[in-house]
Protein chains: 4
Amino acid sequence: MPLVAPASAPTADRAPLSAARADAIATSFSKQGLMTTFGAALTRVEAGEVEIAMPWSEGVTQQHGFFHGGAVGALADSACGYAALSMVGEGEAGLTAEYKINLLSPAKGERLVAVGRVIKPGRTLIVAQGDVFAEQDGRRKAVATMLMTLCVVRTLEHV
Amino acid sequence: MPLVAPASAPTADRAPLSAARADAIATSFSKQGLMTTFGAALTRVEAGEVEIAMPWSEGVTQQHGFFHGGAVGALADSACGYAALSMVGEGEAGLTAEYKINLLSPAKGERLVAVGRVIKPGRTLIVAQGDVFAEQDGRRKAVATMLMTLCVVRTLEHV
Amino acid sequence: MPLVAPASAPTADRAPLSAARADAIATSFSKQGLMTTFGAALTRVEAGEVEIAMPWSEGVTQQHGFFHGGAVGALADSACGYAALSMVGEGEAGLTAEYKINLLSPAKGERLVAVGRVIKPGRTLIVAQGDVFAEQDGRRKAVATMLMTLCVVRTLEHV
Amino acid sequence: MPLVAPASAPTADRAPLSAARADAIATSFSKQGLMTTFGAALTRVEAGEVEIAMPWSEGVTQQHGFFHGGAVGALADSACGYAALSMVGEGEAGLTAEYKINLLSPAKGERLVAVGRVIKPGRTLIVAQGDVFAEQDGRRKAVATMLMTLCVVRTLEHV
């Protein structure tokens, strides 16, 4: 029986990201004060997939000096949000309706990397999935996974 | 930089399922009245991955005659639960603590297939991921994705 | 400081449910094959709040004879869905986008009661909350809590 | 029929918080670099219920100058985590396993207040619920609701 792609399909067959959309994402990201506070940077922007990384700093820790779960969530939140934004139409934006995150391991390391990926694009709703990794001593470990629902809104204002 | 497996890693490197554990899963499944009501069957049982399928019937529909979202959730729930049970130790069981499910498309078709997969085994908690597909006219479409947390309990009674 | 209602506000100040809408809900419910299979009944329908109950039967159990988590989820799913349907406009319907459910206690008893409640009505999205109780020997115990997102769609077909 | 408390029961009948536990929470909070970065403060600590507030600042915004959804999530995360910590036994801690958050309204205002509340204490798992409010011009509006699962661990180290 022919098998269509599972929910976690690779993004290889997606249309390339337009320069205008890539610019819009970079501009929006630069306006997120929280990402600046985190020292976070967009490290990869593709159609349907966005990666954001942030270094460890005292200012993003929980009580044991690891990355705070809230920082892990915020990074994945932004990565999924921009992955969605990479796939909406002209003059549209994706607003986060909700997300669930499972913390898989202590977020311990020098750098945190969140990868957001659209697993179901839609005209009204977009579903995205995020994976967060902590890098330590040259190794990368999965520390969290997120499942997010976004609502597509028609507005030039929200881009 | 060496990259360790993402959360959705393939299960290829897992230890094979013991015959005793496979039996325990089959026995438990046969005792689930709801799965019998659904006409559901275990179609694949591996270490860390379990597939369950059910045919369409009037008795599992929502108001438009598609599979009810609750039936979709229940099938994924069982698939994830048994995937977890395939990986716990002797005399242990995995109790569902919670799950989140995103309904991606109308669950329309002749057969529903749920694949549950452990993405993070642990001594106390197990995280599993489920994908549900609807099959129609020889094609398979992703209709839902689930993220579940299970709690490992030490008891011969709960297996 | 004046305090506005929290997310779990009482529904007392909502407009009463129209007879047409109450009929639409009863009709839709009667068409859900799964609810018939469960022997479930609408026990209360108000604007923004719906209660559904089902008796215990062999056909809805998990391997220990308790209500199956999937049945618990399905009942809450329907209760939240109809709570949402009670609040959408003429010719609109609420489609379940996703939900999360926490199983709080074993669902053991003679009857299961799910109460769905809209906590955030909206033109595009509705957020509902569900509580499921098991009744045994004249006592009612909370066994699960659900948080659901629905998408409002404009169609006479989906009511 | 006698009705036992729903999942969102008031916390009135809980044992008062011990001074030692209140100290442990204050100490842990003061070590969370992220809360310091946010300018957040513990504004209420009771057995099973904790409130945390943070003022608006440029450093916690999303691209439109509202509170970033990730900051909203992080505040609720900490409030729920400390609500859980207020209820575990001597030498125990509550580690966040997962949470789901629904963003209900734009988080716009001068101050953000998160209230975390244990809705199901347990020896192995704790379920908490969080509500986040934005305050603006003397009014308080619900902007998010969270449902969290924590795992109780036996260790003096994690308090």
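**Two interfaces of chain A**

Strand S3 of chain A (residues 92-103) lines up antiparallel with S3(D), and the pairing runs over five bridges. Strands here are DSSP runs of E with at least two residues, helices are runs of H or I with at least four, and both are numbered from the N terminus; two strands pair if DSSP finds at least two bridges between them. Within S3(D), A:Lys100 has D:Lys100 as its bridge partner. This is a predicted model, with local features needing pLDDT of at least 70 and side-chain atom pairs counted only at pLDDT 80 or more, while totals for chains, interfaces and linings use all residues. Residues are numbered from 1 along each chain as its sequence is written, chains are lettered from A and ligands numbered from 1 in the order in which they are written, and side-chain values use heavy atoms, leaving out hydrogens and water.

Now for the rest of the D–A interface. Chain D and chain A each put 34 residues into the contact (heavy atoms within 4.5 Å). Between them they bury about 2,500 Å², with 52% of it on carbon and sulfur atoms; buried area is the accessible area (1.4 Å probe) that two parts lose on being put together, summed over both. On the chain D side, D:Leu34, D:Gln63 and D:Tyr99 supply 23% of the area buried against chain A, more than any other three residues.

Chain D and chain A share two salt bridges, each a side-chain nitrogen of Lys or Arg within 4 Å of a carboxyl oxygen of Asp or Glu. One of them joins A:Lys100 to D:Glu98, with the closest N and O atoms 2.8 Å apart. There are also 22 residue pairs in polar contact across this interface, both residues at pLDDT 80 or more. A polar contact is a pair of N or O atoms within 3.5 Å; within protein, one must be able to donate a hydrogen and the other to accept it, and residues adjacent in sequence count only if both atoms are side-chain atoms. Helices H1 (19-31), H2 (33-38) and H3 (69-85) of chain D, along with its strand S3 (92-103), each give at least two residues to the side that touches chain A.

Turning chain D by 180°, with 0.0 Å of shift along the axis, superposes it on chain A at an RMSD of 0.0 Å; the fit is by least squares on the C-alpha atoms of residues with pLDDT of at least 70 in both copies. In chain D, the C-alpha nearest that axis belongs to D:Lys100, at 2.0 Å. Because 100% of the interface residues of chain D are also interface residues in chain A, the copies meet through the same surface.

The A–C interface comes next. Here six residues of chain A touch six residues of chain C, burying about 500 Å², 84% of it from carbon and sulfur atoms. A:Glu98, A:Leu125 and A:Cys151 supply 55% of what chain A buries against chain C, more than any other three residues. Zero salt bridges turn up between chain A and chain C, and zero residue pairs in polar contact (both at pLDDT 80 or more). S3 and strand S6 (139-154) of chain A are the elements giving two or more residues to the side facing chain C.

Chain A also lies on chain C with an RMSD of 0.0 Å after a turn of 180° and a shift of 0.0 Å along the axis. These two copies are therefore related as by a two-fold rotation axis.
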